[in-house]
Amino acid sequence: MAERTGRPRTTTVVVMGVSGSGKSTVAAELVARLGWEFAEGDEFHPAENVAKMHAGHPLDDGDRWPWLRRLAAWIGEHEAAGRSAVVTCSALKRSYRDLLRDGHPSVWFAHVAADPELIRNRVEHRSGHFMPASLLASQLALLEPLAPDEPGAVVSGVAPAGEVAADILAALGTERDLDLSTEAPS
């Protein structure tokens, strides 16, 4: 249910972008500042998807739709309970983002973007992640920029996570007419 201002009663920030863009690091910074609940989108993948990516094979839409539906259900549960949240999800295509926000007015996208070479360097030098650098090209090819009619903003992921989070909060505050400086961890 929306407030009289017409804005949603809760906010779900979907931190999106290709693998290695900094989604998880930036999301952690947002959660630390806001105290909102958090979901790492990768944890919603079935084991088959993780194995496929780990083996160097890109996911197709048939792999992604069940994963995205699970994320959308999580968003809906939190929205219905009146709890704001931060979620990471690549959300590469408009159709994926449409599914995430269908019936969920709380959803707002923060697209963390950077030069593909910087992202490739990050992916090649990180440890403990199942997504190999070889799949970055397929993600970049699939990426559809946020359209003007989609709720959200594109922010540079080049700066340190704290600065990227500040840019996201400034854009979110402006677009949703929110004073996020008063948010505190509960």
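In this predicted model, the protein chain folds into seven helices and five strands. Read from the N terminus, the elements follow one another as β-α-β-α-α-β-α-β-α-α-β-α. The chain has 186 residues, of which 46% count as buried. Among the contacts with a separation of 6 or more, 78% are between residues 24 or more positions apart.

The sheet makes a good starting point for a tour of the fold. Its five strands form an open sheet in the order 2-3-1-4-5, with parallel pairing. Strand 2 (37-40) and strand 5 (152-156) are the edge strands, and each of them pairs on one side only. From one strand to the next, the twist averages 20°. As general background, strands of a sheet pair through backbone hydrogen bonds, either parallel or antiparallel.

Strand 3 (residues 85-88) repays a closer look. Four bridges join strand 3 to strand 1, and the two run parallel. Within this pairing, Thr12 stands opposite Ala85, and Val14 has Val87 as its bridge partner. Strand 3 is also joined to strand 2 by four bridges, again in parallel; here the bridge partner of Phe38 is Val86. In a regular strand the side chains alternate between the two faces of the sheet. Strand 3 shows two such sets: Ala85 and Val87 point one way, Val86 and Thr88 point the other way, and all are buried.

Helix 3 (residues 61-80) lies across strand 1, strand 2, strand 3 and strand 4 (107-113), and runs at about 175° to strand 3. His78 is found in this helix. With a relative accessible area of 6%, His78 falls under the 20% cut-off and is therefore buried. Apart from its neighbours within four places in sequence, His78 is in contact with Glu37 and Arg83.

Helix 3 also takes part in the aromatic pairing of the model. A pair of aromatic rings is described by the distance of the centres and the angle of the planes. The count comes to two aromatic pairs. Phe44 and Trp74 form an edge-to-face pair, with 6.4 Å centre to centre and 80° between the planes. This pair links distant parts of the chain, since Phe44 sits in the loop between strand 2 and helix 2 (47-54) while Trp74 belongs to helix 3, 30 residues apart. Phe44 counts as buried because its relative accessibility is 15%, and Trp74 likewise counts as buried at 14%. Trp65 and Tyr96 form an aromatic pair that is also edge-to-face, at 5.3 Å centre to centre and 85° between the planes. Trp65 lies in helix 3 and Tyr96 in helix 4 (residues 94-101), so this pair ties together parts that are 31 residues apart in sequence. What is the burial state of these two partners, Trp65 and Tyr96? Trp65 is partly exposed, with a relative accessible area of 23%, whereas Tyr96 is buried at 1%.

Helix 7 (residues 161-176) lies across strand 1, strand 4 and strand 5, running at about 145° to strand 4. Its length can be checked with simple arithmetic: at 1.5 Å a residue, the 16 residues of helix 7 should span 22 Å, and the end C-alpha atoms are 22 Å apart, so the two agree. The buried residues of helix 7 are Ala161, Val164, Ala165, Ile168, Leu169, Leu172, Gly173 and Arg176. Why do they count as lying on the same side of helix 7? They cover an arc of only 165° around the axis, which puts them on the same side. In general, an α-helix has 3.6 residues a turn, so residues three or four places apart point the same way. The cover over the buried residues of helix 7 includes strand 1, helix 1, strand 4 and strand 5. Just after the helix, Asp177 takes a positive phi of about 55°.

One last residue takes the account back towards the start of the chain. Ser19 is placed in the loop between strand 1 (12-16) and helix 1 (23-34). Ser19 counts as buried because its relative accessibility is 7%. In sequence, Ser19 and Leu140 are 121 residues apart, yet in space their C-alpha atoms are 9.2 Å apart.

Notes. Residues numbered from 1 in each chain as written. Predicted model: local features only at pLDDT ≥ 70, side-chain atom pairs only at ≥ 80, totals over all residues. Heavy atoms only, no water. Buried < 20%, exposed > 50% of the residue type's maximum accessible area, 1.4 Å probe, protein only. Contact = heavy atoms within 4.5 Å. Pairing = 2+ DSSP bridges. Axes fitted to C-alpha atoms, helices over the stretch in contact; angles between N-to-C directions. Expected span 1.5 Å × (residues − 1). Arc of directions from axis to C-beta. Phe/Tyr/Trp six-rings, centres within 6.5 Å; stacked < 30°, edge-to-face > 60°.
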